[in-house]
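Reader: I have a structure open and many of the labels are new to me. Could we go through what they rest on, one at a time?

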Amino acid sequence: MKGPKNKRERRYVAMKSVSIVLTFVTVYTAYVYIGRLSYSYVYQQVSKVKGGAFIGVSVLELLIVLVCFVRICVEGPGLLDRKWTDFEKPYAGNGYDVDAPDAFICEQDGRPRWCHVCMKHKPDRAHHSSEIGKCVLKMDHYCQYLGKVIGYANYRFFWVMLLHAVILLLFWIITTGYYLAAQVRDGIVEGFIISSLAIEVLVLLGAAGLFVQHCYMISVNKTTIEYMSPNYQYFINLKMDDEFNSRVVVFTEPGGNPWTIGLLNNWKAVFGSNPLNYVLPISRPSDDGMHFAYNQELLNQLKSNYLQSVQQPPWVTTTPNDPAQPTTT
Ligand SMILES: [Zn+2]
């Protein structure tokens, strides 16, 4: 029997294995909670109303999680190739074309970022995904649990899925714990239920940690890739004035964040203005995923720093004998 040949194949097999284990865990815990606890024990022996409610809530939450997963797969992360021609035009003059955006992330020499695999200019926040071999708009990460790339188009479904997974797990753990205590008192404890509860607690620890991390990243308007590079320094090709289209290359401090536009706006940038998008997998983002609002305060600061650095104030350009000048001996 042949094993995986290279590192990439081994990584692929490992990630697929994680997805299969997660699917098995979900099916097993859902079966134990719905079939063994809610139906066979609570519904048949304790209370039909409570048993029915537990089954109803579980099925509803599982359905929402499933629809989120389907939407993550169907929408995909948002690839560059569909609209790249329109995006390319302003960059014809290597980023100094009159139609180029007022600000865009560039290479150190001011040229637009370039993907050497796709042979295309990369919009702000787009990255090449080695998993699918294409550039992904506002790429967030490759989710090894789902086996899918998460990006601009499916990120909000990913977050809503995490939200409902956490709600469902909390609901299962609290109700299972309550009835498990009753079973212990009655001396009829089922091993199935204990093992399922242990799995639910473990999965909740992982899911809740991930959920809190993503809430934080949305609050500061960072993708996982950006969050994982806390000292990254952005080079920005910045238009200084409209009349002459004069542009300069400025750079942020390490860790500077050009994307944060205030807490509420950062959340709106992901979920749009429809509040239902925060709780259900309703619609994909309506913007193009290639242009993002900049932190204007930061841009103004960079612009001002640049002007200060090139326009020496008159009291500095003095004669060599000026006593104000530092002297060396
Ligand atoms: Zn690419």
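Reader: How much of the chain is made up of buried residues?
Author: Buried residues make up 29% of the 329 residues in this chain, which is a predicted model. To earn that label, a residue needs 20 or more other C-beta atoms within 10 Å of its own.

Reader: What makes Lys 138 buried?
Author: Lys 138 has 26 other C-beta atoms within 10 Å. The cut-off is 20 or more, so Lys 138 is called buried. Its place is the loop between strand S5 (134-136) and strand S6 (141-143). Its phi is near 35°, a positive value in a residue other than glycine.

Reader: And why is Asn 221 called buried?
Author: The reasoning is alike: 22 other C-beta atoms lie within 10 Å of Asn 221, and 20 or more are needed, so Asn 221 counts as buried. Asn 221 lies in the loop between helix H5 (191-219) and helix H6 (224-227). Here too phi is positive in a residue other than glycine, with a value near 55°.

Reader: How do you know that Val 117 is exposed?
Author: A residue is exposed with 12 or fewer such atoms, and Val 117 has 11 other C-beta atoms within 10 Å, so Val 117 is exposed. You will find Val 117 in the loop between strand S2 (114-115) and strand S3 (120-121). Its C-alpha atom is separated by 9.7 Å from that of Ser 130, 13 residues apart along the chain.

Reader: What makes Glu 190 partly exposed?
Author: Glu 190 has 15 other C-beta atoms within 10 Å. That count is in between 12 and 20, so Glu 190 is partly exposed. Glu 190 sits in the loop between H4 and H5. From Glu 190 to Leu 180, 10 residues apart along the chain, the C-alpha atoms are separated by 8.5 Å.

Reader: Why is Ala 30 called partly exposed?
Author: Ala 30 has 17 other C-beta atoms within 10 Å, again in between 12 and 20, so the label is partly exposed. Ala 30 is found in helix H1. Leaving aside residues up to four places away in sequence, Ala 30 touches Ser 58 and Leu 62. Ala 30 and Glu 200 are 170 residues apart in sequence, and their C-alpha atoms are 10.0 Å apart in space.

Reader: Let us turn to helices. How many helices and strands does the chain have?
Author: The chain has eight helices and nine strands.

Reader: How do you know that the reach of H2 is close to the expected one?
Author: Helix H2 (residues 48-75) has 28 residues, and at 1.5 Å a residue 40 Å is expected. From its first C-alpha to its last, H2 reaches 40 Å. Just after H2, Gly 76 takes a positive phi of about 70°.

Reader: Which residues of H2 are buried, and what do they pack against?
Author: The buried residues are Gly 51, Phe 54, Ser 58, Ile 64, Val 65, Cys 68, Arg 71 and Ile 72. They pack against helix H1 (7-46), strand S7 (148-150) and helix H4 (155-186).

Reader: What makes H1 roughly antiparallel to H2?
Author: The axes of H1 and H2 come within 7 Å and cross at roughly 160°. Angles over 145 degrees count as roughly antiparallel, so H1 and H2 get that name. H1 passes H2 in a left-handed crossing. By class, this contact has 10 nonpolar, four polar and two charged residues.

Reader: Why are H2 and H4 called roughly antiparallel?
Author: Their axes come within 9 Å and cross at roughly 160°. That angle is over 145 degrees, and H2 and H4 are therefore roughly antiparallel to each other. Their crossing is left-handed. Among the residues making the contact are Phe 54, Val 65 and Ile 72 of H2 and Phe 157, Met 161 and Leu 168 of H4. The residues of this contact divide into 16 nonpolar, three polar and three charged.

Reader: What share of the contacts joins residues 24 or more positions apart?
Author: Such residues account for 63% of the contacts in the chain with a separation of 6 or more.

Notes:
Residues numbered from 1 in each chain as written. Predicted model: local features only at pLDDT ≥ 70, side-chain atom pairs only at ≥ 80, totals over all residues. Helix = DSSP H or I, 4+ residues; strand = E, 2+ residues; numbered from the N terminus. Expected span 1.5 Å × (residues − 1). Contact = placed C-beta atoms within 7 Å. Axes fitted to C-alpha atoms, helices over the stretch in contact; angles between N-to-C directions. Parallel < 35°, antiparallel > 145°, perpendicular 65-115°, else oblique. Left-handed = near helix turned anticlockwise from the far one by under 90°. Nonpolar A, V, L, I, M, F, W, Y, C, P; charged D, E, K, R; others polar.
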